[in-house]
Amino acid sequence: MQRNIVTVAPSASLFEARDRMREGNVRQIPVTGGDGRLAGILSDRDIRGAVLPGGLVPGFSAEDAEKFLKDTPVGKVMTRKVITATLSDTLEDAIVLMHDFKVNALPVVDRDGKVVGIISRTNVLEAFIDVLGIGEVSSRIEVIVPDKPGTLAQLAAIISSFHVNITSVLATGHVEAGKRANFFRIATLNVAPIKKAIEEAGFEILDPSRYTL
């Protein structure tokens, strides 16, 4: 979550809000009252949508658009019903909220309703890149395993026998009933001998083209 957030008051103009977005290099900003409580959220899309009807009027100039932005308060355009996260929510909680409500950012509020941060889709992607160790020198091995306890430990033991660190593990369902797909990211580029050992142990290396969401 970003703790250094850009906010704007409901009484501020869209012109000011747009400037704050540009200065903060953000596309959504929480709208807060004088007590710091969340009053709404405003996106660059909201601003464009507010100006668009005027742009359809013949003779509507850039000067007219700027005057409209300066004369229109944020509170008139902002989204008042805001989907939020709390400080106790996990990254998974935030992802589910973004997915289910189709929003690009979640203001984070404390128990008093005050804005303490914001989570954007970019933040989520960055977190995943970090958690999965994608930015490190590493490789990925995909293995199909029977859906039963103990297989993950077996695979971890095989990989560890090569004195290679496992930087992340994901497990998900597989198209074939009774099986799962395990995704290992390991700290080496030399995966051929590890894959061979896994296959010799009776597991199947997954062809990435066979994996579907």
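**View 1. Just past helix H5, Lys102 has a positive phi.** In this predicted model, Lys102 comes after H5 and its phi sits near 50°. Look back along the helix, residues 91–101, and you'll find three buried residues: Ala94, Leu97 and Met98. Seen down the axis of H5, these buried residues fall within an arc of 95°, so they line one face of the helix. Flip to the other side of H5 and you meet Glu92 and His99, both exposed. And what covers the buried residues? The cover includes strand E4 (105–109), strand E5 (115–120) and helix H6 (121–132).

**View 2. Strand E1 is tucked away inside the structure.** E1 takes in residues 28–32. Here, 5 of the 5 residues of E1 are buried, so the strand is largely enclosed by the rest of the structure. In a regular strand, side chains alternate between the two faces of the sheet. You can follow that idea along E1: Gln28, Pro30 and Thr32 point one way, while Ile29 and Val31 point the other way, and all of them are buried.

**View 3. Gln28 is a buried residue of strand E1.** With a relative accessibility of 17%, Gln28 counts as buried because the cut-off is under 20%. Who keeps it company? Skipping its neighbours within four places in sequence, Gln28 is in contact with Ile41, Leu42, Ser43, Asn104, Ala105 and Ile118. One of these, Ser43, is also the bridge partner of Gln28 in strand E2.

**View 4. Strands E1 and E2 make a hairpin.** E2 covers residues 38–43, and it runs antiparallel to E1, with 5 bridges joining the two. Between the two strands lie 5 residues. In that turn, look for Gly36, which has a positive phi of about 85°.

**View 5. Four strands line up in an open sheet.** Reading across, the order is E7-E8-E6-E9, and the pairing is antiparallel. Strand E7 (166–173) and strand E9 (204–205) stand at the edges with a single partner strand each, so one side of each has no neighbour in the sheet. Zoom in on E7 and strand E8 (residues 179–186): they pair in the antiparallel sense over 7 bridges. Within that pairing, Ser168 has Arg185 in E8 as its bridge partner.

**View 6. Helices H7 and H8 pack on this sheet.** Helix H7 (residues 151–160) touches strand E6 (139–146) along with E7 and E8. The direction of H7 makes about 30° with that of E8. Helix H8 (residues 192–200) touches E6, E8 and E9. The direction of H8 makes about 5° with that of E6.

**View 7. Zooming out, the chain has 8 helices and 9 strands.** Its radius of gyration is 24 Å, well over the 17 Å that the globule rule gives for 213 residues, so the chain is more spread out than a compact globule. Along its principal axes, the C-alpha trace spans about 75 × 45 × 35 Å. Of the 213 residues, 35% count as buried. The chain exposes about 12800 Å², and carbon and sulfur atoms supply 53% of that. As for contacts with a separation of 6 or more, 59% are between residues 24 or more positions apart.

How values were computed: Residues are numbered from 1 along each chain as its sequence is written. This is a predicted model: local features need pLDDT of at least 70, side-chain atom pairs count only at pLDDT 80 or more; totals for chains, interfaces and linings use all residues. Side-chain values use heavy atoms; hydrogens and water are left out. Two strands pair if DSSP finds at least two bridges between them. Contact means heavy atoms within 4.5 Å. Axes are lines fitted to C-alpha atoms, for helices over the stretch in contact, and angles run from 0 to 180 degrees between N-to-C directions. Buried means under 20% relative accessible area, exposed over 50%, partly exposed in between (1.4 Å probe, protein chains only). The radius of gyration is taken over C-alpha atoms; the globule rule is 2.2 Å times the number of residues to the power 0.38. Accessible areas come from the Shrake-Rupley method with a 1.4 Å probe; for residues, only the protein chains shown count as cover. The arc is that of the directions from the helix axis to the C-beta atoms.
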